[in-house]
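Let's walk through this model together, one strand at a time. Keep the structure open beside you and follow along as the pieces come up.

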Amino acid sequence: MGNTSQYPSVLQKKKHAFPTDSKAIVFGASGGIGLSFLKACLIDQSFSSVVATYRDRSRAAGIFQLANQFPGRLEGFALDVTKESDINQVPDILKQEGDSLHLAINCIGILHEGNDFQPEKRLEQLSTENLLRYFQVNSLPTALLAERLLPFFRHRDRSVFATVSAKVGSIGDNRSGGWYGYRASKAALNMFIKTAAIEYKRRSPNTILAALHPGTTDTHLSKPFQGNVPPEKLFSSDRTVQQLMDIIYRLDSTQSGDFFSWDGTLLPW
Ligand SMILES: NC(=O)c1ccc[n+]([C@@H]2O[C@H](COP(=O)([O-])OP(=O)(O)OC[C@H]3O[C@@H](n4cnc5c(N)ncnc54)[C@H](OP(=O)(O)O)[C@@H]3O)[C@@H](O)[C@H]2O)c1
């Protein structure tokens with residue numbers, strides 16, 4: 001699937017509640033979309049324990065505020081996804097919360113970072129260093145996490161491993177070009193999700209993997225590119241997450257490995 005609009009929207013499927021005493025982990029919870037996902041998980045009383053990762057404590061104030069607001073339910077820990085040693089610690093952190101996981105959401109991503117790291121408008125702007133960084137942050141972590149999280153997902157309940165992707169990573173939908181590194185890294189991310197979903201079907205059949213396009217959302221990442229976005233098409237991160245959680249609650253195992261837009265429709269690869 002992931003290539004046609006003739007399939008009905010996920011929003012026509014029925015909602016599944018997560019079981020009581022579920023565990024969730026949000027990667028990149030210091031970011032705009034990540035922090036809203038963290039809030040949504042804490043508001044859902046099914047999750048007795050939620051783990052949140054941040055790269056830099058100085059930008060993670062929102063997580064610590066939520067930890068005070070929801071005492072005993074939230075643990076934060078530092079994770080830089082460009083360091084495999086940090087990714088290797090994820091299982092140990094999760095073990096402190098128990099043996100099982102019901103929801104993992106990867107909200108980590110980069111589009112720009114300072115003057116030397118900006119999305120490319122033309123071929124002359126390509127640099128190996130920047131291209132590798134896009135893949136290192138936007139693509140590889142989901143594949144590595146699929147391996148590290150697998151033992152925690154192998155239980156009898158329905159579980160979801162969602163990654164925030166981007167429509168500009170759709171090859172079929174690419175009409176305007178540019179943003180070589182970001183687009184290619186999101187296309188690679190989608191391939192990792194699809195491939196891991198096939199292996200999970202065998203090894204953890206109750207886990208649904210999904211790539212989610214959030215729509216243009218008012219965060220640090222989109223800030224420099226919001227100029228041409230009409231106000232009604234620029235979502236707050238809380239609205240985006242409400243829409244994406246609605247999808248997460250409705251996904252079933254027949255849809256594992258697919259690429260969904262914020263409105264529940266399938267996106268072309
Ligand atoms: N906003 C949009 O319009 C839009 C549209 C399509 C797709 N997306 C996708 O949505 C996801 C969330 O983005 P956002 O809009 O919420 O942007 P954001 O506010 O900039 O959040 C990005 C998150 O990624 C984290 N991060 C970056 N590099 C990292 C690294 N090396 N290790 C660990 N964490 C790292 C950031 O940590 P720090 O806080 O430390 O920087 C932050 O938590 C991204 O995958 C993005 O590609 C966003």
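Keep in mind that this is a predicted model. A good place to begin is strand 1, residues 22–27, which is mostly covered, with 6 of its 6 residues buried. Look at which way the side chains go: Ser22, Ala24 and Val26 point to one side, Lys23, Ile25 and Phe27 point to the other, and every one of them is buried.

Now for the neighbours of strand 1. Strand 2, residues 47–54, pairs with strand 1 in the parallel sense, over 5 bridges. If you want a spot to check that register, take Lys23, whose bridge partner in strand 2 is Ser49. The connection between these two strands is worth tracing too: strand 1, helix 1 (residues 32–43) and strand 2 form a right-handed β-α-β unit.

Strand 1 has another pairing, with strand 4 (residues 103–106), again in the parallel sense and over 4 bridges. Here the residue to find is Val26, which has Ile105 as its bridge partner in strand 4.

Move on from strand 4 and you reach strand 5, since these two pair in the parallel sense over 4 bridges. Ala104 has Phe161 of strand 5 as its bridge partner. Strand 5 covers residues 159–164, and 6 of its 6 residues are buried. Its two faces are both covered: Ser159, Phe161 and Thr163 sit on one side, with Val160, Ala162 and Val164 on the other.

Strand 5 also pairs with strand 6 (residues 207–213), in the parallel sense and over 6 bridges. Across that pairing, Val160 stands opposite Ile208. Helix 7, residues 180–203, joins strand 5 and strand 6 in a right-handed β-α-β unit.

What about the packing? In general, nonpolar side chains in soluble globular proteins tend to be buried together. In this model, the largest nonpolar core has 68 residues, and those with the most contacts inside it are Val26, Phe37, Leu38, Cys41, Val50, Ala52 and Ala210. Helix 7 supplies the largest share of this core, 7 residues. To get a feel for one of those well-connected positions, pick Ala52. Leaving out residues up to four places away in sequence, Ala52 touches Val26, Ala29, Leu38, Ile63, Leu74 and Gly76.

Then there's the ligand. Of the 27 residues around it, Gly31, Arg55, Gly109, Thr219 and Leu221 come nearest. Helix 1 gives the most to this shell, with 3 residues. By type, the shell around the ligand splits into 11 nonpolar, 12 polar and 4 charged residues.

Finally, a couple of backbone oddities. Asp21, in the segment before strand 1, has a phi near 65 degrees, a positive value in a residue other than glycine. Trp179 also has a positive phi without being glycine, near 50 degrees, and is found in the loop between strand 5 and helix 7.

Are these two residues buried or exposed? Asp21 counts as exposed because it has 12 C-beta neighbours inside 10 Å, and 12 or fewer is the cut-off for that label. Trp179 has 21 such neighbours inside 10 Å, so it counts as buried, the threshold there being 20 or more.

Definitions and conventions
Residues numbered from 1 in each chain as written. Predicted model: local features only at pLDDT ≥ 70, side-chain atom pairs only at ≥ 80, totals over all residues. Pairing = 2+ DSSP bridges. Right-handed = clockwise from strand over helix to strand, strands pointing away. Near = placed C-beta within 6 Å. Nonpolar A, V, L, I, M, F, W, Y, C, P; charged D, E, K, R; others polar. Core = buried A, V, L, I, M, F, W, Y, C linked by C-beta atoms within 7 Å. Contact = placed C-beta atoms within 7 Å.
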